[in-house]
Amino acid sequence: MADKPKKKFKLMDAILGTVCLTLVCESVMPTAAIGNTQYFWWIFLLLFFCVPYGMITAELGTTYPSEGGMYDWVKRAFGPKWAGRVAWNYWVNFPLWIASLAVAVTDIVAGMFNVELNVFVLLLLQLLYVWLVTFLSTKRIGESKYIVNLGTFCKVALLLVIGCLGIYVFFKTGESANPITSAKDLFPEFSLDGLSFISIILFNFMGFEVVGTWVDDMEHPKKDIPKALIFGGLLMAIFYILPATGFNIALPANDEWIGAGAEIVVDVLTALFTAVGLGAGTMKLVIIVMGFMFIYTFIANIASWSFGVNEVAAYAAEDGSMPKMFAKKNSEGVPATAAYINGIVASAIVIFGIIANLISEDFGAGFGLFFCLSWITLLVGYIPMFLAFLKLRKVDAKKERPYKAPFDGAMATVAAIVPFVLLIAGVVFTIFGDFSVEYLQENIPLIAGVVLSFIIEEILVARIKTKKAE
């Protein structure tokens, strides 16, 4: 039997990995579309979603340490069919996310060099990104930690620059593209369209449970996982609010940012650097450097998420909830076949997007569609987890909990139900932000994608043999 690889993931690596997981630069653009009301949503969702979610996943991850992560928790509570639904949604968001980032890469390249890329170059760059991150996904997190850590540094540097530049410009000029004239400007209108923004910020918080799948690579998982979640969560909150402020000062908020792609970052940097008086030549050089840093964060995103997502898919495949081909692992114990499947599916998605846009530019098969489908399927996968937490607290009360979330009884119910309801609201209002015919027509590709995902999910679930969860 081969020796187990040496545990290389320490507390600082776990904290940086947590930040890298939850700090997603490309989601700053959709968040910025919210405008001044984003501050309300950030504070509200930090308190009522992020805090209980982090504590709940820390408890579940240390009480039931498993390569299956969230899949295993839901299976213990509700059986294999519900676990199968979690596995599908948790997995399918990943190739969609990879595809959206591949599109974002070409958006940034086009914005950096102010060029329009032809179809061949678009396809080449997008497939290059897909298969680069696919290769990295075949490595253990301990082997990729330097990529993850450098990616975290790049994310923090980029977001700090945008945030601090924005604040500097505001104090220098006294002007903001989205001025706050009264407290009323900070509070959202509770319309269906307004509530659709919930899902954008919820997506930014996702990833804490992936830390639980790093158990085999960590030196002291029971002690380090809760610390990584707490410190990583605090850092994540700071680094999201800062760039949101920079965006808010630089350009007027626009709903079209949600699907506009990552080139908006180039526009924001240009506006901020112009406001501080940076010369055109220097500005272009700085924007190119920062653009490549931004692209690197896309590589680090997938490197940090891949092991957790693919491990859950492999675990579910071994358990009969996903196709068996996902279960095969390489000599390092990494579910490499799942990684290659991600690459194949993501490649098919970007090819479909390019062909769809050649047929009709109105189809919207770009960053916005793929990213939105990704965050919807991801959020759906989390919904059963909060109810699983409550059930496991009840039916497995005597189980030793190395870390126990600081709430019991009615408070535990509230701590789980509130995030559960917020997830459902975020998903529903993103798909149906408006029931007008015009809105539904514009959202046909998104609705069709969600329906197709649901159909495939239920076909897979129907094949699962019901048996008592271990």
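**Exercise 1. At what angle do helix 4 and helix 5 pack, and how far apart are their axes?**

Solution. The model used here is a predicted one.

Step 1. Two packed helices are described by the angle between their axes and the distance between the axes.

Step 2. For helix 4 and helix 5 the angle is about 160 degrees, and the axes are 7 Å apart.

Step 3. Angles over 145 degrees count as roughly antiparallel, so helix 4 and helix 5 are roughly antiparallel to each other. The crossing of helix 4 and helix 5 is right-handed.

Step 4. On the helix 4 side, the residues in this contact are M70, Y71, V74, K75 and F78. They meet P80, W82, A83, G84, V86, A87 and Y90 of helix 5. By type, the residues of the contact of helix 4 with helix 5 divide into 10 nonpolar, one polar and one charged.

**Exercise 2. Which residue's side chain meets that of R76 in a salt bridge? State whether each partner is buried, partly exposed or exposed.**

Solution.

Step 1. The partner of R76 is D72, with 3.1 Å from N to O.

Step 2. Both R76 and D72 belong to helix 4, which covers residues 70-78. They are four residues apart, about one turn of the helix.

Step 3. The cut-off for buried is under 20% relative accessible area. D72 has 7% relative accessibility and therefore counts as buried. R76, at 36%, is partly exposed because its value falls between the limits of 20% and 50%.

**Exercise 3. Which residue forms a salt bridge with R85, and where in the chain do the two lie?**

Solution.

Step 1. R85 pairs with E457, and their closest N and O atoms are 3.8 Å apart.

Step 2. This pair links distant parts of the chain. E457 sits in helix 18 (residues 444-462) and R85 in helix 5 (residues 80-113), 372 residues apart.

Step 3. E457 has a relative accessibility of 6%, so E457 counts as buried.

**Exercise 4. Which residues are joined into one network with K404 and D408 by salt bridges that share partners?**

Solution.

Step 1. Start with the salt bridge between K404 and D408, where the closest N and O atoms are 3.1 Å apart.

Step 2. K404 is partly exposed at 42% relative accessible area, and D408 is partly exposed at 47%.

Step 3. Shared partners join E59, R393 and R401 with K404 and D408 into one network. In total, the structure holds nine salt bridges.

**Exercise 5. What is the sign of phi at N114, and is N114 buried or exposed?**

Solution.

Step 1. Most residues other than glycine have a negative phi.

Step 2. N114 is not a glycine, yet its phi is positive, about 55 degrees.

Step 3. N114 lies in the loop between helix 5 and helix 6 (119-136). Exposed means over 50% relative accessible area, so N114, at 70%, counts as exposed.

**Exercise 6. Leaving aside its neighbours within four places in sequence, which residues is E318 in contact with?**

Solution.

Step 1. E318 is found in helix 13, residues 280-318.

Step 2. With those neighbours left aside, E318 is in contact with K324, A327 and K329.

Step 3. For K328, the separation from E318 is 10 residues in sequence and 8.9 Å in space, C-alpha to C-alpha.

Step 4. The relative accessible area of E318 is 46%, so E318 is partly exposed.

How values were computed
Residues numbered from 1 in each chain as written. Predicted model: local features only at pLDDT ≥ 70, side-chain atom pairs only at ≥ 80, totals over all residues. Heavy atoms only, no water. Buried < 20%, exposed > 50% of the residue type's maximum accessible area, 1.4 Å probe, protein only. Contact = heavy atoms within 4.5 Å. Salt bridge = Lys/Arg side-chain N within 4 Å of Asp/Glu carboxyl O. Axes fitted to C-alpha atoms, helices over the stretch in contact; angles between N-to-C directions. Parallel < 35°, antiparallel > 145°, perpendicular 65-115°, else oblique. Left-handed = near helix turned anticlockwise from the far one by under 90°. Nonpolar A, V, L, I, M, F, W, Y, C, P; charged D, E, K, R; others polar.
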